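Colleague: Please take me through this structure, and tell me what each term rests on as we go.

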Amino acid sequence: MLEIMEGSHAIALAVKAARPNVVSAYPITPQTHIVEDISQLIADGDLNAQYVKVESEHSAMSVCIGASATGARTYTATTSQGLALMHEVLFNAAGMRLPIVMTVANRALSAPLSIWNDHQDSISERDSGWIQIYAEDNTEASDLTIQAYRIAEDSRIQVPVMVCMDGYTLTHTYEPVELLEQDLVDDFLPPYRPTDFLSVYDPKSFGMFADPNYYTEFRYQNHRALEAAKAVIPEISTEFGEVFDRDYGGLIEEYRCDDAEYVLMAMGSVVGTLKDTVDDLRDDGVRAGAIKLRSYRPFPADEVRSALAGVEAVGILDKNISLGFEGALFTDVKASLYHDDNAPKAFGFIAGLGGRDIPKRIFVKMFDCIRDDKKIAKSEFFDLRTQILDFQEV
Amino acid sequence: MQAKEEERPVDLLASGHRACAGCGAALTIQEILRATGANVFVANSTGCMEIISSQYPQSAWKVPWIHSLFENAAAVASGIEVALKALGRDEEGKVVVIAGDGGTVDIGMQAISGMLERGHDVCYICYDNEAYMNTGNQRSGSTPFDASTTTSPFGKKSFGNDRPKKNMPAIVAAHGIAYVATSSVGYPRDLTKKVQKAVSVSGPAYLQIHAPCNVGWGFDSAKTIEIARLAVETGLWMMYEIVDGELVNVMKVSRQQPVEEYLKQQRRFAHLFKMPGGEAQIKLIQDYANHNFETYKAASREATGEIQT
Amino acid sequence: MKEIRIHGRGGQGSVTAAELLAVAAFEDGKYSQAFPFFGVERRGAPVTAFTRLSDKKIRLRSQIYEPDYVIVQDATLVSAVDVTAGLKPDGIVIVNSEKSAEDVGLNAGIDVRTIDATGIALEIIGRPIVNTTLLGAFAGATGEISIESIKQSVLARFPGKIGEVNVQAAEKAYQLMAATERKPHKKTRARKKEAARESYEKIPTAAIGKPGTSEVTETGDWRIFYPEFDMEQCTRCGKCFENCPDAAIIERTLRGKEADEARKRAEELEKAGKIKKAAVKKAHIQYELDPTYCKGCGICANECPIQGIKMKLEEK
C-alpha cells in the first residue's frame with residue numbers, strides 16, 4: 001500500500017516493523033528525522049524497544065555491540081562525522097560478527113564543513129567489514145532495512161549491514177512509499193536467535209584477542225562471509241519479492257543494458273535521474289544504459305563484468321574521492337575488468353560532492369564524454385567551477 | 001532464575017591467566033568476582049586485565065565477559081543492561097564494568113559520564129594502578145604527583161609527573177548517583193563489602209580500587225598488599241564512600257605514617273630521595289596527604305569506618 | 001651471517017641481551033640487528049628475542065628459524081619450549097644451569113654448554129639477573145663477538161656501579177666458557193618429531209572463548225621461588241588464600257579420619273604452646289600450594305601474620 005511521507009519517516013516505520021530490541025543513536029543532520037520519528041514511535045507505545053540516548057556515535061555503536069552480544073536485535077543510524085567517529089567501533093562490531101543494522105544518511109565529510117550529500121562518509125568505511133547497500137528511493141531504503149536484518153542475521157553471514165541512503169535527497173524528501181505490512185514482515189523476519197550470546201548460564205568470552213597464529217584465520221572467515229553475501233543478498237531479495245511483490249534484483253540492477261553501447265554506473269538516489277537520462281538518450285537513438293550498484297561491499301565484480309560485456313565504453317560516477325588518486329568505485333570497476341580482454345573503455349567522473357546537484361544535463365555530458373572517447377580533465381572532476389579555482393599547477 | 005549455588009566455581013578468574021607475578025589488579029579482579037558471585041556480566045575495557053585473561057583460545061573468565069575497545073566499556077555495559085531488560089532477562093545478573101585507570105579517568109571519561117547520567121543499572125569498577133601499565137608504564141590522569149613514568153620521567157628539569165591525581169570519584173559523584181566508593185586491594189574485607197554494596201544498588205554505582213603494580217611502580221612482587229596498605233596509612237589513598245551525595249565512612253587511620261614510608265619503597269619515587277630539591281617535593285606530597293586527612297575528615301558526616309584487614 | 005635466538009622469560013632481560021649483542025657486534029665492526037618476538041607477554045612468561053650478525057648490511061626482517069646459536073636464560077624453558085628447533089647442525093646451545101650439559105634434557109648429539117649464570121649473577125651482581133652474564137658466556141663459547149665489545153655495550157647501557165658488576169659477571173662467564181671446547185655434533189637418530197604440538201581445533205565465527213580455558217597455561221613454570229607452608233604453625237587465617245592473584249592456593253576441608261588426625265595434632269601443638277586455641281578449631285582446614293599455577297610472587301609469605309610461609313629457591 002502506498003502512502004506519502006518523508007523518507008526518514010519511512011525508515012522509522014521500517015525499523016518499527018523489524019521489531020528491534022535496542023535502538024541507540026546520537027542525533028546528527030541529516031539523520032535526525034529518523035531517530036526523532038523512532039523516539040516518537042517508542043513514546044507512543046507503537047514500538048517496544050529500549051532507546052539509549054547516548055552521548056556520542058562512538059557510544060551508539062558500542063551500546064549496539066553490548067546489546068547485540070547479549071542477544072538483542074539492534075538498530076542505529078548516523079551520517080558523516082558521526083560515522084567517522086564510529087570508525088574503530090565499526091571494525092570491532094564486524095570482527096565480533098554482530099548483526100547490527102545501521103542506516104547511513106549519506107553526507108559529506110568536513111573540512112570544509114558540509115551538511116549536504118555525497119558518499120564520502122560510507123565509502124571511507126569501505127574496509128570496516130560491514131556490508132554496504134545503497135538505496136535509490138525511499139521504498140527501497142525501507143525495504144532494505146528489513147532485508148538487512150535477514151542478511152546480517154543469516155548464519156552464513158553474521159556481518160553487520162549499512163543501509164546507505166542519500167542525506168536530504170532521500171531522507172528529507174516526501175514521496176509515496178510502499179508500506180511494510182507487519183504480519184508479512186513478521187513472517188519474513190523471525191525474532192533474532194543467536195547461537196552465541198552473553199549469558200550467565202553459559203558464560204562465554206566475547207572479544208578475545210588473537211595472536212599471529214589466529215588473527216589471519218579470523219580475518220579470512222570474516223572475508224569469506226562477506227563474499228558469501230554475494231549469493232545471500234540476491235537470495236533474500238528474491239524471497240522478499242515473493243512476499244512483498246517488490247524485487248530489487250541482487251547486487252546490481254541493469255537498466256536498458258541489453259544492447260547498450262554506452263553505460264553509466266552510479267550508486268544511490270542519483271540513479272533515478274540517470275535512468276531518465278538513459279530514456280532520453282534512447283529516444284534520441286543513442287544505445288545508452290545504466291547500472292545501479294546496490295551492493296558496494298561485497299563488491300559484485302563478476303556481475304559488473306558480465307553486465308559490461310559487449311559494451312563500448314563505461315563511465316563511473318563517484319560521489320567520493322580517494323584524494324591523490326581517483327574515485328573509489330572507478331578503481332573497483334577497473335579492477336573487475338582487468339582480466340577481461342574485451343573490457344570496455346572506462347571513464348571516471350567525480351561529481352555531486354557536498355550536495356552539488358547532478359541534473360540530467362550532467363549525465364548527458366558524461367555520456368557525450370564516453371561516446372567521444374574524450375579525455376577529460378586530469379583530476380576527473382566533473383562540473384568543476386574552474387573559474388573560481390586559485391590553484392597553481394606544479 | 002539464579003545459577004545453582006553448588007555449580008558456582010570458586011575462582012571466577014581462572015588460574016593460568018598471564019598477569020605478572022604479584023599483580024595487584026589481577027588480585028583485585030579475583031576479589032571482585034568472589035564478592036559478586038557468578039551472576040554478573042563483565043564488560044572489560046582494553047588494558048592489562050583484558051590482555052592477561054583473553055588470548056584466544058584461552059579465557060580466564062568464568063563469567064560472561066566482553067571486551068570491545070579501550071574507551072567504550074561503559075557504553076558496551078549500557079548495551080548489555082538495556083538488552084537484558086528488553087529481552088526480559090534482567091534478573092539474570094548484574095552488569096559490571098572492569099576497567100583500568102586510563103580507560104576510566106582519561107579515554108573512557110565521556111562514555112562513563114553518559115552511562116552515569118542515563119542511569120543504567122551498571123556497577124563500574126576501576127582498578128587504579130596509576131598509569132598505562134599495559135603499554136609499559138606511561139602517565140595517565142590517575143598518576144600521582146611526582147611519580148616517574150616513561151612519559152613523565154624525572155630528569156634534570158623534572159621531578160616526574162607534575163600534576164596531581166585526577167579526582168575521579170568526585171567527578172563521578174557529581175552525576176548524582178547513589179553510590180561511589182574507593183577501596184584498596186590491601187583491604188580485602190573492605191573491598192568485598194563495597195563491591196557487594198555497589199552491585200546491590202539499583203542504578204549506576206562506581207568503585208575505584210587502588211591496585212599497586214609491582215612492575216610499573218618498582219617494588220618487590222611480594223609487597224603488593226603491603227604497599228597498598230601504606231598508601232592508605234600515609235593518606236595518599238583515601239578510603240571512603242559517597243552515599244547519595246554524602247561523604248561517609250572515611251576510613252580512620254589510627255597511626256598516620258609519613259609519606260616517605262610509602263615513597264621510598266617504590267622505584268617511581270626513588271629520584272625524590274636522590275635529586276637536589278627532592279626533599280621539598282616530598283614535603284609537598286606530605287602536605288597533600290595531610291590535606292587529604294583533614295578535608296575528608298571535615299567533610300565526612302561520620303568518620304566511623306575502621307580499618308578492616 | 002650468524003643468527004642467534006634467545007629464549008628467556010618476561011622480566012629476565014632477553015630483549016636487552018639481544019640488543020646488547022647487536023651493539024657489541026656493531027662495536028666489532030659488523031652489521032647487526034636485534035628484535036624481540038613482539039608479544040604481550042608479562043613477567044615470567046616465555047619470550048624470545050633475536051640477534052643477527054653479518055659482515056654485510058642485513059636486509060632480512062623475518063624471525064630466526066635456523067639459528068646458529070641459542071641462548072637459554074632459564075633451564076626450565078627446555079621442557080616448556082622447543083629451544084633447539086631448527087638449530088643448525090653445528091650450532092651451539094648455551095643454557096643457564098648449574099647442571100652438566102648432559103643433564104639439562106637436550107638431545108645428546110647437540111653441542112650444549114651449560115653455565116651457572118644465576119650463581120655467578122647472585123655472587124657478583126647480587127641479583128639473579130643473568131642476561132649480561134650470558135653475553136659473556138656467548139662470547140667465550142662462540143668467539144663471534146669480542147668480550148671487550150660486550151663489556152663496552154654493557155657499560156654504555158648501564159653506566160656506573162651497576163654496569164661494572166655486570167661487566168665482572170660477564171668476564172667471569174667468558175673465562176669459564178672460553179675454556180670449554182667445541183663438541184662435535186653426533187649424528188643421533190633423528191628425533192621423532194613430536195606429533196604436531198598445536199591442536200587443530202576449529203575456530204568459531206568470531207574470537208569467542210570458553211570459560212576458564214586459561215587453565216591449560218601452567219604458569220607455575222614462571223616461578224623462581226616457591227612458598228613452603230608450615231601447617232603446624234598455621235592459624236588458618238586464610239590470608240595466603242585470599243591474597244593469591246593466581247588462585248594457586250587451595251583451601252581444602254579435611255573430613256572424617258583426616259580431620260580427626262589434624263585436630264589431634266593441633267591439640268598437641270596447643271598444649272605445647274605452639275599455636276592458639278582458635279587454630280585448633282580450624283585444624284581441618286588445609287592450605288596447599290597449587291604448583292601448576294603459582295608464579296612465586298611471594299605475597300602469601302609477605303602477608304602471613306606468623307611468618308609461616310617461606311619462599312624457597314626452585315630447584316631447576
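Colleague: What makes up the area that chain C exposes?
Modeller: Chain C exposes about 16600 Å², and carbon and sulfur atoms supply 51% of it; accessible areas come from the Shrake-Rupley method with a 1.4 Å probe, and for residues only the protein chains shown count as cover. This is a predicted model, in which local features need pLDDT of at least 70 and side-chain atom pairs count only at pLDDT 80 or more, while totals for chains, interfaces and linings use all residues. Residues are numbered from 1 along each chain as its sequence is written, chains are lettered from A and ligands numbered from 1 in the order in which they are written, and side-chain values use heavy atoms, with hydrogens and water left out.

Colleague: How many of the residues of chain C count as buried?
Modeller: Of its 316 residues, 48% count as buried, a word that stands for under 20% relative accessible area with a 1.4 Å probe, protein chains only.

Colleague: Why are E2 and E6 of chain C called edge strands?
Modeller: Strands are DSSP runs of E with at least two residues, numbered from the N terminus, and two of them pair if DSSP finds at least two bridges between them. The open sheet has six strands in the order E2-E3-E1-E4-E5-E6 (chain C), with mixed pairing; strand E2 (31-36) and strand E6 (111-115) each pair on one side only, so they are its edge strands.

Colleague: How do you know that E4 and E5 of chain C pair?
Modeller: Four bridges join strand E4 (residues 69-72) to strand E5 (residues 92-96) of chain C, and the definition asks for at least two, so the two strands count as paired; they run parallel. C:Ile71 stands opposite C:Ile94 in E5(C).

Terms used: Buried means under 20% relative accessible area, exposed over 50%, partly exposed in between (1.4 Å probe, protein chains only).
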